[in-house]
Amino acid sequence: MGKKNFGPGDLAQFKKCPECFARLPMNATQCTSCGQKLGEVDQFGMAKKPFNWYGYGSAIILWILFAFFVWWAFLKVK
Ligand SMILES: [Zn+2]
């Protein structure tokens with residue numbers, strides 16, 4: 001009957017930047033408008049931000065250093 005099915009593939013022609021909502025081609029890995037790194041696309045066509053291992057690791061190391069400094073500082077006072 002010529003019925004057209006609109007699957008996810010029909011909708012996912014573009015990915016949207018999570019920072020500035022710019023429309024970008026599906027194979028884009030970085031936003032051409034704001035420079036945001038782009039990862040996988042969700043069901044709404046919105047690109048996900050790729051997981052930043054470097055930033056995550058740096059934050060953990062800083063927290064460990066901070067905790068160590070607090071521990072050391074209190075030990076030093078005694
Ligand atoms: Zn952007």
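# Exercises on a predicted model

Lys16 is partly exposed, with 18 other C-beta atoms within 10 Å. The cut-offs are these: buried means 20 or more other C-beta atoms within 10 Å of a residue's own, exposed means 12 or fewer, and partly exposed lies in between, with C-beta atoms placed from the backbone. Residues are numbered from 1 along each chain as its sequence is written. The model is predicted: local features need pLDDT of at least 70, side-chain atom pairs count only at pLDDT 80 or more, and totals for chains, interfaces and linings use all residues.

**Exercise 1. State where confidence is lowest and where it is highest.**

Step 1. Fix the scale: pLDDT is the predictor's confidence in each residue, from 0 to 100.
Step 2. Take the whole protein. Its mean pLDDT is 84, and 82% of its residues reach 70 or more.
Step 3. Go to the extremes. Helix 1 (residues 8-11) is lowest, with a mean of 53. Strand 2 (residues 23-25) is highest, at 94.
Step 4. Apply the caution. Where pLDDT is low, the predicted coordinates should not be read in detail.

**Exercise 2. Write down the order of helices and strands along the sequence.**

Step 1. Define the elements: helices (H or I, at least four residues) and strands (E, at least two) are DSSP runs, numbered from the N terminus.
Step 2. Count them. There are two helices and two strands.
Step 3. Read along the sequence. The pattern is α-β-β-α.
Step 4. Add burial. Of the 78 residues, 6% count as buried.

**Exercise 3. Place Lys16 and list the residues it touches.**

Step 1. Lys16 sits in strand 1.
Step 2. Contact means that the C-beta atoms of two residues, placed from the backbone, lie within 7 Å.
Step 3. Leave out residues up to four places away in sequence. Lys16 then touches Phe21, Arg23, Gly45, Met46 and Ala47.
Step 4. Check Met26. Lys16 and Met26 are 10 residues apart along the chain, and their C-alpha atoms are separated by 9.0 Å.

**Exercise 4. Describe the phi of Phe21 and its setting.**

Step 1. Phe21 lies in the loop between strand 1 (14-16) and strand 2.
Step 2. Its phi is near 60°, a positive value in a residue other than glycine.
Step 3. Recall the background. Most residues other than glycine have a negative phi.
Step 4. Classify Phe21. It is exposed, because 11 other C-beta atoms lie within 10 Å.

**Exercise 5. Classify Pro50 and find its contacts.**

Step 1. Pro50 is in the loop between strand 2 and helix 2 (53-77).
Step 2. With 13 other C-beta atoms within 10 Å, Pro50 is partly exposed.
Step 3. Pro50 touches Lys37 and Gly39, not counting residues up to four places away in sequence.
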